[in-house]
Amino acid sequence: MESKLAAFAALVASCVPRLGHTDFPARLIEGLRSLVVVEDATVLLYTPGDLPRIAYRENPLARSEDTLGRFV
C-alpha cells in the first residue's frame, strides 16, 4: 500500500506543474497506468459555461471497439 501511495504522490507532483499545458492529459494517463490497469483513456475538459471537450483521447482504432459512447 505504501508504494502505491508514494507512486500516487509522485504522479501528483509531476502533473500539478503541468496543469494548463498540452502535455498534462497524457502525463496524467501515463501516471495512472503506473498505478492501475487502464484499457481506455480519455480526458474531458470542463470549462464553466461551456460544453465539455475532449482534451486527450487515445486512438480508438487501436482497439476492437470505441468505448467513448459508454461514458458520455
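Start your tour by selecting Pro-52, which sits in the loop between β1 and β2. Helices here are DSSP runs of H or I with at least four residues, strands are runs of E with at least two, and both are numbered from the N terminus. This is a predicted model, in which local features need pLDDT of at least 70 and side-chain atom pairs count only at pLDDT 80 or more, while totals for chains, interfaces and linings use all residues. Residues are numbered from 1 along each chain as its sequence is written, and side-chain values use heavy atoms, with hydrogens and water left out.

Stay on Pro-52 for a moment. Its relative accessibility is 41%, so Pro-52 counts as partly exposed; buried means under 20% relative accessible area, exposed means over 50%, and partly exposed lies in between (1.4 Å probe, protein chains only). Now show what touches Pro-52: apart from neighbours within four places in sequence, Leu-45 and Tyr-46 are in contact with Pro-52, where contact means heavy atoms within 4.5 Å.

**The whole chain**

Zoom out and colour by secondary structure. You should find 2 helices and 2 strands, in the order α-α-β-β along the sequence. Of the 72 residues in the chain, 17% are buried. Among contacts with a separation of 6 or more, 28% join residues 24 or more positions apart.

**Helix α2**

Next, select residues 24-33, which form helix α2. Which residues of α2 are buried? They are Phe-24, Pro-25, Ile-29 and Gly-31. These residues lie on the same side of α2, because they cover an arc of only 160° around the axis, taken from the directions from the helix axis to the C-beta atoms. An α-helix has 3.6 residues a turn, so residues three or four places apart point the same way.

Pick out Pro-25 in helix α2. Pro-25 counts as buried because its relative accessibility is 7%. Beyond neighbours within four places in sequence, Pro-25 is in contact with Val-43, Ala-55 and Tyr-56. Try a distance label from Pro-25 to Tyr-56: the two are 31 residues apart in sequence, yet 5.9 Å apart from C-alpha to C-alpha.

**The second largest pocket**

Keep Pro-25 selected and add Leu-19, Gly-20, His-21, Thr-22, Phe-24, Val-43, Leu-44, Leu-45, Arg-53 and Ala-55; with Pro-25, these line the second largest pocket. A pocket, on a 1 Å grid over the protein atoms alone, is an open set of points where a 1.4 Å probe fits, with protein on both sides within 12 Å along at least five of seven lines; lining residues have an atom within 4 Å of a point. The second largest pocket holds about 170 Å³ of space.

Helix α2, β1 (42-45) and β2 (53-57) each supply at least two lining residues, with the largest share, 3 residues, coming from β1. By type, the lining divides into 7 nonpolar, 3 polar and 1 charged.

**The salt bridges**

Finish at Asp-23, showing side chains. How many salt bridges are there? The count is 2, a salt bridge being a side-chain nitrogen of Lys or Arg within 4 Å of a carboxyl oxygen of Asp or Glu. One joins Arg-18 and Asp-23 at 3.1 Å, N to O. The other joins Arg-27 and Asp-23, with the closest N and O atoms 3.4 Å apart. Arg-18, Asp-23 and Arg-27 are thus linked in a network. Colour these by accessibility: Arg-18 is partly exposed at 26%, Asp-23 is partly exposed at 26%, and Arg-27 is partly exposed at 32%.

Note on methods: Points joined across faces, edges and corners; volume = space filled by probe spheres on them. Nonpolar A, V, L, I, M, F, W, Y, C, P; charged D, E, K, R; others polar.
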